[in-house]
Amino acid sequence: MQEELNQFEINDVWELVPCLPSQTIIGTKWIFRNKLDDHGNIVRNKARLVAQGYCQEEDIDYDETFAPVARLEAILILLVYSCFKNFKLYQMDVKSAFLNGFMQEEVYVKQPPGFENFSRPNDVYKPKKTLYGLKQAPRAWYDRLSSFLLQNGFSRGKVDTTLFVFEKGQDCLLVQIYVDDIIFGATNESLCKKFSKLMQGEFEMSMMGELNFFLGLQIKQCQEGIYISQSKYTKELLKKFGIEEGRTVSTPMATSVKIDKDEKGKPVDESKYRGMIGSLLYLTASRPDILHAVCQCARFQINPKESHMSAVKRIFRYLKGTIQYGLFYPKNEFFSLKGYSDSDYAGNIDDRKSTSGSCQFLGDCLVSWFSKKQNCVSLSTAEAEYIFAAFCCTQLLWMKQTLADYKCSFESVPIFCDNISAINITQNPVHHHNRI
């Protein structure tokens, strides 16, 4: 706790001022957490002073709160690109990142519990910089960091605004930001060293080194490529929901049984069911093999029945036997962009809507995947296939535009679909225009 307050003094975060009756005072509280590594070992104990931002009122305590956050696909694209260019990725963590953002509004907060000023107990703090918990804190930090990088010769991605690129001759340095976590790598190792010194000169860093654990993803960089998994997280889930014992299954969902609302079934604990679904959805970040089954079960989070719980537990039993499964990105010189799209027809028993899936590859590396129930009822298999082929196309266009910031261009980006009628519709400009 004292270390946290020392950071406040170093960054000149606030000043103590008299409390006036007209001021709206925001409370503060301490948050304690044990930070773990990818093996589950405690790295350090952390205390964070957080403002109770839920008390803030729009147009009084804050104006704008939006801050861009990197998509998972953007991070995976960077991993694939590092394999393609054969360079290592590193990570750094800015210590108390939000304390570096500048406050634009006038806000007042209470003194930290347990650390009140004995000579001025009734006074309050006026932040000069943002605190964790304030609604404008993420945006203020992004503005501070992006301005600093732009001033030092970086260019911001045109599509992905959390990507920053620095070019020097034939070499380039890539920086991907996820709030206060930063991934970076360069085709020339000296650029990484210069970037580390640059960041250390402006901000206080608490963690730097090779990328191995990021957003719950275990990332192993080796000579053959990059391996991504969530085995640690999977073990925690099995222990949390008591599915460590019992038999395993070879598939996440039974192919002979279709899940429906089961209105006559016996209800189960709704909060537990939602907790299991939410945990599994996070696991799909590295496990596309369970995505379809999880999305099927996620449709019944309101009033779930025993049949739905059985389907979810089957997914956990499948995970129990496949804990080490993950994604492998091999190093090769093949770097093309392509997508695959498929759909059933009126597969949902309750509303007869179609369920579709798509995946996008960079070379041999899977970087994006979806399973989704369509919003409308399709009148034919061709229409169902065409609708999601269009969705796959939008994802590929986003990836193509993002890769333009990596100086990668593609003359053609194929979409593979197994329905001849849907393919003919896309090739007929008259039908294509009518559908749009």
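The expected span of a helix is taken as 1.5 Å times one less than its number of residues. In this predicted model, that rule can be applied to helix α2, which covers residues 72-85. With 14 residues at 1.5 Å a residue, α2 should span 20 Å, and because its end C-alpha atoms are 20 Å apart, the expectation and the model agree.

The surroundings of α2 may be considered next. Burial here means a relative accessible area under 20%. Eleven of the 14 residues of α2 meet this criterion, so the helix is largely enclosed by the rest of the structure. The buried residues are E73, A74, I75, L76, I77, L78, L79, V80, Y81, S82 and C83. Just after α2 comes N86, whose phi is positive, at about 60°.

The chain to which α2 belongs contains eleven helices and 20 strands. Its C-alpha atoms fill a box of roughly 75 × 65 × 45 Å along the principal axes. Of the 436 residues in the chain, 48% are buried. Where contacts join residues at least 6 apart in sequence, 71% of them link residues at least 24 apart.

The surface and the charges complete the description. The accessible surface of the chain comes to about 22200 Å², and carbon and sulfur atoms account for 51% of that area. Among the side chains, 52 are positive and 51 are negative. The centres of these two sets lie 4 Å apart.

How values were computed. Residues are numbered from 1 along each chain as its sequence is written. This is a predicted model: local features need pLDDT of at least 70, side-chain atom pairs count only at pLDDT 80 or more; totals for chains, interfaces and linings use all residues. Side-chain values use heavy atoms; hydrogens and water are left out. Helices (H or I, at least four residues) and strands (E, at least two) are DSSP runs, numbered from the N terminus. Buried means under 20% relative accessible area, exposed over 50%, partly exposed in between (1.4 Å probe, protein chains only). Contact means heavy atoms within 4.5 Å. Accessible areas come from the Shrake-Rupley method with a 1.4 Å probe; for residues, only the protein chains shown count as cover. Lys and Arg count as positive and Asp and Glu as negative; His and the chain ends are not counted. The place of a charge is taken as NZ of Lys, CZ of Arg, CG of Asp or CD of Glu.
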